[in-house]
Amino acid sequence: MTSSTIVPTIWTELAGVDFRVATVDAGGVPTRSLQAGAGEPVIFLHGTSGHLEAFARNIGDHARRYACHAIDMLGHGYTGKPDFPYEIPRYRDHLLAYMDANGIESAHIVGESLGGWVGARTAIDAPERVASLQLLCAGGTVANPKVMERIRTTTRQAVTRDDVELTRARMRLLMADAEDATEELVAIRHTIYHRPDFVATIDNLLCLQNMETRLRNVLRPEDLARITAPTLIVWGRDNPFGEVPEAAAMHEAIAGSELVLFDACGHWPQHEQAVRYNEVSLAFLAKHPVSR
């Protein structure tokens, strides 16, 4: 990147898009959401310790055809943080409560990392609510102690120490190219990480990095086999939190699923390779309209 390169901001990514940021009461949990577009609903779910800005590069293209909802999940971002461990059924119930609050009977679910874990669990437990499913570097199918320790340690350090370099390192860990961890994203996450409610509930948020808790929530092949929604799996070949065989195993377990691998891509394919991802996603969504 040269000194003359213009780096798009979230504002420029959304320029020309009619959108609103609203707080929705989802089962008693105030939930921050970015809503844009009209048509069949598409709900975007971020990863562990993330926030809705993870999809800033995707909302504009998708909102031309769909009603987009990017949310801060339970205990994340500016959404409410009740004091209990955030296990997968809690996230599922919060997602369904958000859908109920917005009158959404069935939606396309796009989940990155933790969001994919939540989306898959919802597709298993409430198949009538999930029109299609996208798993972007989705978590939840393995319990790798080294990966879990990396997530727990880097997140906790960035939250408990007021050093922006730790947040910057946490964001860069996600990307194949460090430049994709823009200073704007670092600033957003650093601000969230140091909100008093976030600091106070960090153990609730990181509970899935505890082996006993994770094994209680993990999705096994027989669980994935119960997914009937059309499913797209997108994976970065340089994903630091899961190698390609993990994606291949998901693909094998979910009947009729599609698997797309992105070269030179880490854990945020929707952000790192937004142009390609948007094309792949929109083509997939067009093939699988919400049943009437």
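Reader: With which side chain does the side chain of H267 make a polar contact?
Author: This is a predicted model, and what follows is computed from its atoms. Such a contact requires a pair of N or O atoms within 3.5 Å, and the pair that includes the side chain of H267 lies at 2.8 Å. The partner of H267 in this polar contact is the side chain of N239.

Reader: Is H267 buried or exposed?
Author: The loop between β8 (258-262) and α13 (269-272) is where H267 is found. A residue counts as buried under 20% relative accessible area and as exposed over 50%. Because the relative accessible area of H267 is 4%, H267 is buried.

Reader: Which residues does H267 touch, leaving aside those up to four places away in sequence?
Author: Contact here means heavy atoms within 4.5 Å, and N239, already named as the polar partner of H267, appears among the residues that H267 touches. With residues up to four places away in sequence not counted, H267 touches E112, S113, C137, L174, N239, P240, F241 and E272.

Reader: What is the volume of the largest cavity?
Author: The structure holds three cavities of 30 Å³ or more. The largest cavity among them has a volume of about 280 Å³.

Reader: Which of the 28 residues that line the largest cavity are the closest to its centre?
Author: The lining of the largest cavity divides by class into 12 nonpolar, 11 polar and five charged residues. H267 belongs to the group closest to the centre of this cavity, and two other members of that group, S113 and F241, are also residues that H267 touches. Given in full, the residues closest to the centre are S113, G139, I151, F241 and H267.

Reader: Which element gives the most to the lining of the largest cavity?
Author: Two elements, α4 (114-125) and α5, give two or more residues to the lining of the largest cavity. With three residues, the element that gives the most is α5.

Reader: Which elements each supply at least two residues of the lining of the largest pocket?
Author: The largest pocket has a volume of about 160 Å³, and its lining includes N239, P240 and F241, which are residues that H267 touches. By class, the residues of this lining divide into five nonpolar, three polar and three charged. The elements that each supply at least two residues of the lining are α5 (145-160) and α12 (244-253).

Definitions and conventions:
Residues numbered from 1 in each chain as written. Predicted model: local features only at pLDDT ≥ 70, side-chain atom pairs only at ≥ 80, totals over all residues. Heavy atoms only, no water. 1 Å grid on protein atoms, 1.4 Å probe; cavity = no way out; pocket = protein on both sides within 12 Å on 5 of 7 lines; lining within 4 Å. Points joined across faces, edges and corners; volume = space filled by probe spheres on them. Helix = DSSP H or I, 4+ residues; strand = E, 2+ residues; numbered from the N terminus. Nonpolar A, V, L, I, M, F, W, Y, C, P; charged D, E, K, R; others polar. Buried < 20%, exposed > 50% of the residue type's maximum accessible area, 1.4 Å probe, protein only. Polar contact = N/O pair within 3.5 Å; in protein donor to acceptor, adjacent residues only side chain to side chain.
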